[in-house]
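Thanks for sharing this one. Here are a few points to read alongside the model.

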Amino acid sequence: MKIVIIGGEAAGMSAAAKAVRVNRDAEVVVFEASEIISFGACGLPYYVGDEFQDHTYMAEFTPAQFAERGVQVLTSHRVTKVDVANKQLEVRHGDALISTHYDRLMIATGASEVMPPVDGLEKAGVFSLRRMDDGLRLKQAIADVEHVTVIGSGFIGLEVVEALVHQGKKVRLVERAERLIPDAFDAEISTHLQTELEDAGVELLLAQSLQAVLGETAVSGIRTDQGEYATDLVVICTGVKPNTTFLQSTGIEMLGNGAIVVDLQGRTSLPDVWAAGDCASIWHSVLGQNAYIPLATGANKLGRLVGENIALVDQHQALTFQGSLGTSCVKVLGLEAGRTGVSEQEAEGAGLNYKTVVIKDKCHTNYCAGQSDIHLKLIYDADSHVVLGAQMLGRKGAVHRIDALAVAIAMGMTTQQLGMMDFAYAPPFARTWDVMNVAGNVAK
């Protein structure tokens, strides 16, 4: 059996490592368009912000290390066409065009940055932050500038802003929505992130859309729908899109944004073809539908499951994915925020019958140093009181508490059960009634 995997990052390499262990007789080949595999783009803002100096930390393994495990990894090989009927791939390597066969195929081509449709993006001083080289060039570039403008306030955008503040730069953040990180957090949480950035001197341009990057050959400023602003450098952080355009002629089922639709075993609509990672959908266990959630955690987990299933001789033994909650987190200067399940915005969009409760409490007892506010929002079913989603923000202990709430949602816990859950208590860590207990007890 020849298993071919297109893409050598989180999902693809997780699948390759698992497949070769499950089926020692299988030939496992990975085609990666870049020169780097097992690359974690999540580390890029922290590299730019000088959290660490050795950029190779972001690439966990090499092709040689995978070769020792029995996986052939071919870098600088871009798959340009999939012939489903004949199970053939067209692969470009330099000037050469190669044709190769597969018995089973996994698509793990990831995603690329979405660039806004505006003039001036080709100018010197405009950056995105998706690949290793992006981080190397951006870190070098900011050393010689004073003012940087970041476009987009998603997870990466906020992390880039923090990195630039740490580097002593004057920072402007442009967001076309009326508040920060609107796709991930509700207003009760994002308002505190806004205050944190403003207190640090970050200039926020909310409800403004980028229209052009100004300058002759290099950046001198930006123009939004509300004015012109001088800046030395621009970083575009306006989201990602699945790398699936090369598959359009195959008829593979996709979401509206081009993400490949997969079932709970990672199978696509094409025979003997699986997919996972930022190029694919993932099952949202609360919404009960496929969703696009481009997170490294989901890519690794579904990638590992696909690696098992694609290598099985008997497909009746295939594993089933339990689904994603979209659990994620971000650090913004002194604040940390986490979310899991559905937001109120998502619950409303899905037509769920829900209620919410918002709690402000303290992270631990007042007689231990470092006590600070902690905010929690619960979204729960109006009839059954089953917890559907949670968001938390604070200066200490917020993100790790969101993990407990992810388990609560996965297990179908009610707010009443949450109110009486036996969470750990000691004065430096919590109060006798943790903020999660309080929220569960207040929910009616």
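1. How do the residues of the lining of the largest cavity divide into nonpolar, polar and charged, and how many are there of each? Keep in mind that this is a predicted model. The lining comprises nine nonpolar residues, three polar and one charged.

2. To place that cavity: the search of the whole structure turns up one cavity of 30 Å³ or more, and the volume of the largest cavity is about 60 Å³. Its lining has 13 residues, and those nearest the centre are Gly277, Ile282, Ile293, Gly298 and Ala299. Helix H7 (residues 296-311) gives the most to this lining, with three residues.

3. Next, the sheet. Five strands make an open, parallel sheet in the order S3-S2-S1-S7-S18. Strand S3 (71-75) and strand S18 (273-275) are the edge strands, each pairing on one side only. From one strand to the next, the twist averages 20°.

4. Within this sheet, strand S1 (residues 2-6) pairs with strand S2 (residues 27-32) in the parallel sense over five bridges. One of the pairings joins Ile3 to its bridge partner in S2, Val28. Helix H1 (residues 10-22) packs on the sheet and touches S1, S2, S3 and strand S7 (104-107), its direction making about 170° with that of S2. H7 also packs on the sheet, in contact with S1, S7 and S18, and its direction makes about 170° with that of S7.

5. Finally, please look at Ala390, in strand S25 (residues 387-394). Ala390 counts as buried because its relative accessible area is 0%, under the 20% cut-off. Its contacts beyond four places in sequence include Gly338, Val342, Leu376, Ile402 and Ile409.

How values were computed
Residues are numbered from 1 along each chain as its sequence is written. This is a predicted model: local features need pLDDT of at least 70, side-chain atom pairs count only at pLDDT 80 or more; totals for chains, interfaces and linings use all residues. Side-chain values use heavy atoms; hydrogens and water are left out. Helices (H or I, at least four residues) and strands (E, at least two) are DSSP runs, numbered from the N terminus. Buried means under 20% relative accessible area, exposed over 50%, partly exposed in between (1.4 Å probe, protein chains only). Contact means heavy atoms within 4.5 Å. On a 1 Å grid over the protein atoms alone, a cavity is a set of points where a 1.4 Å probe fits but cannot get out, and a pocket is an open set with protein on both sides within 12 Å along at least five of seven lines; lining residues have an atom within 4 Å of a point. Grid points are joined across faces, edges and corners, and a volume is the space filled by probe spheres set on the points. Ala, Val, Leu, Ile, Met, Phe, Trp, Tyr, Cys and Pro count as nonpolar, Asp, Glu, Lys and Arg as charged, and the others, Gly among them, as polar. Two strands pair if DSSP finds at least two bridges between them. Axes are lines fitted to C-alpha atoms, for helices over the stretch in contact, and angles run from 0 to 180 degrees between N-to-C directions.
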